[in-house]
Amino acid sequence: MPVQYIIKEWDFRDLQLTMSPPVFIPRPETEQLVDLVLEAAPPDGLFLEIGCGSGAICLSLLKALPKARVVAVDQSKMACQLTSDNALRNDLTSNLQVVRSKLKEDGTLSEPLPQEVNQVDVLVSNPPYVPASQLVDLQPEIKLYEDLRALEAGRDGLRVIKSLLLLAQSILRPGGLIFLEVDTSHPKLIQKWVADCPQLNITFVKTVKDFCEKDRFVKLRKL
């Protein structure tokens, strides 16, 4: 069993988060994703996180940007509850809304967001991105204890990422930003896909490497 589940908590940036299986354990790389968002994000903007898990990303943003508003979405009841619990634990509840909803392949959500949530400034996600063929290579502690729905994303690992970009088309304001953590094989594939789909009105901005010098993050912009 991962140590985070044994001790029932884990530090992420300057937060102390409660951990509970099978909600996905935040990795060090994801702290870099938060840094990327903070470099470019409006301090009083409206942020949407898809797949909030333990709340690591959305709560880190609220901690750093106290004037921001964040809507955190997850399909898992346990994840939504854990995000809410961690918001309470870190005194970050005032500008946070947690919504239980599933992102569908067509880029829509199974449950609507609050009516006032439109023209979002930033969409951020650490989505499932592991190609199905690579699941067998995962460490046993991951396969046995963590929610594989937070990992596996079809043959090429792009199933959820494409749905996220479809959602971004409809919910981001013009000039709004998208930040994603992805598989190392994905940046070039994503760049080609958005170029081949001009109707998305999304442009690829850049790829960013993680601390192991692997292509791990992408930044895109709504036109």
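# Strand 7 and its surroundings in a predicted model

Me: In this predicted model, how many of the 10 residues of strand 7 are buried?
Reply: Strand 7, covering residues 172–181, is largely enclosed by the rest of the structure, and this description rests on the share of its residues that are buried. Of the 10 residues in strand 7, the number that are buried is 7.

Me: Which residue of strand 7 is the bridge partner of Leu-123?
Reply: Strand 6, made up of residues 120–125, runs parallel to strand 7, and 5 bridges join the two. Within this pairing, the partner that strand 7 offers to Leu-123 is Ile-178.

Me: Which residue in strand 9 stands opposite Leu-180?
Reply: Strand 7 also pairs with strand 9, residues 215–222, this time in the antiparallel sense and over 5 bridges. In strand 9, the residue that stands opposite Leu-180 is Val-218.

Me: How many residues apart in sequence are the parts tied together by Asp-121 and Arg-173?
Reply: Asp-121 and Arg-173 form a salt bridge in which the closest N and O atoms are 2.5 Å apart. Because Asp-121 lies in strand 6 and Arg-173 in strand 7, the pair ties together parts of the chain whose separation in sequence is 52 residues.

Me: Is Asp-121 buried or exposed?
Reply: Its salt-bridge partner Arg-173 has a relative accessible area of 27% and is partly exposed. For Asp-121 the relative accessibility is 15%, and since buried means under 20%, Asp-121 counts as buried.

Me: How many bridges join strand 8 to strand 9?
Reply: Strand 9 is paired with strand 7 in the antiparallel sense, and strand 8, residues 202–209, also runs antiparallel to strand 9. One of the pairings between strands 8 and 9 sets Ile-202 against its bridge partner Lys-222. The number of bridges that join strand 8 to strand 9 is 7.

Me: Which residue takes a positive phi in the hairpin of strand 8 and strand 9?
Reply: The hairpin has 5 residues between its two strands, and a positive phi near 65° is found in this hairpin. The residue that takes this phi is Glu-213.

Me: How far apart are the closest N and O atoms of Asp-215 and Lys-209?
Reply: Asp-215 is partly exposed at a relative accessible area of 26%, and Lys-209 is likewise described as partly exposed, with a value of 40%. The two residues form a salt bridge, and the distance between their closest N and O atoms is 2.8 Å.

Me: What separates Lys-192 and Asp-196 along helix 7?
Reply: The side chains of Lys-192 and Asp-196 meet in a salt bridge, with an N to O distance of 2.7 Å. Lys-192 counts as exposed at 53% relative accessibility, whereas Asp-196, at 48%, is partly exposed. Because the two residues are 4 positions apart in helix 7, residues 186–196, their separation is about one helical turn.

Me: How many disulfides are found in the whole structure?
Reply: Cys-80 is buried, with a relative accessibility of 8%, and the closest cysteine sulfur to its own belongs to Cys-52, at 5.0 Å. A disulfide needs sulfur atoms within 2.5 Å, so the distance from Cys-80 to Cys-52 is too far for a bond. A search of the whole structure gives a disulfide count of 0.

Me: Which helix contributes the largest share of the nonpolar patch on the surface?
Reply: The patch is formed by Met-1, Val-3, Ile-6, Ile-7 and Trp-10, which together have about 460 Å² of accessible area. Val-3, found in helix 1, is partly exposed with a relative accessible area of 41%. The largest share of the patch, 3 residues, comes from residues 3–7, which are helix 1.

Me: What percentage of the residues in the protein chain is buried?
Reply: The chain contains 7 helices and 9 strands, and among its contacts with a separation of 6 or more, 65% are made by residues 24 or more positions apart. Its accessible surface comes to about 10,600 Å², with 51% of that area belonging to carbon and sulfur atoms. Of the 223 residues in the chain, the buried share is 52%.

Terms used
Residues numbered from 1 in each chain as written. Predicted model: local features only at pLDDT ≥ 70, side-chain atom pairs only at ≥ 80, totals over all residues. Heavy atoms only, no water. Buried < 20%, exposed > 50% of the residue type's maximum accessible area, 1.4 Å probe, protein only. Pairing = 2+ DSSP bridges. Patch = residues over 30% accessible without salt bridge, like charges linked within 9 Å, V, L, I, M, F, W, Y side chains within 5 Å. Areas by Shrake-Rupley, 256 points an atom, 1.4 Å probe, with all protein chains shown as cover. Salt bridge = Lys/Arg side-chain N within 4 Å of Asp/Glu carboxyl O. Contact = heavy atoms within 4.5 Å.
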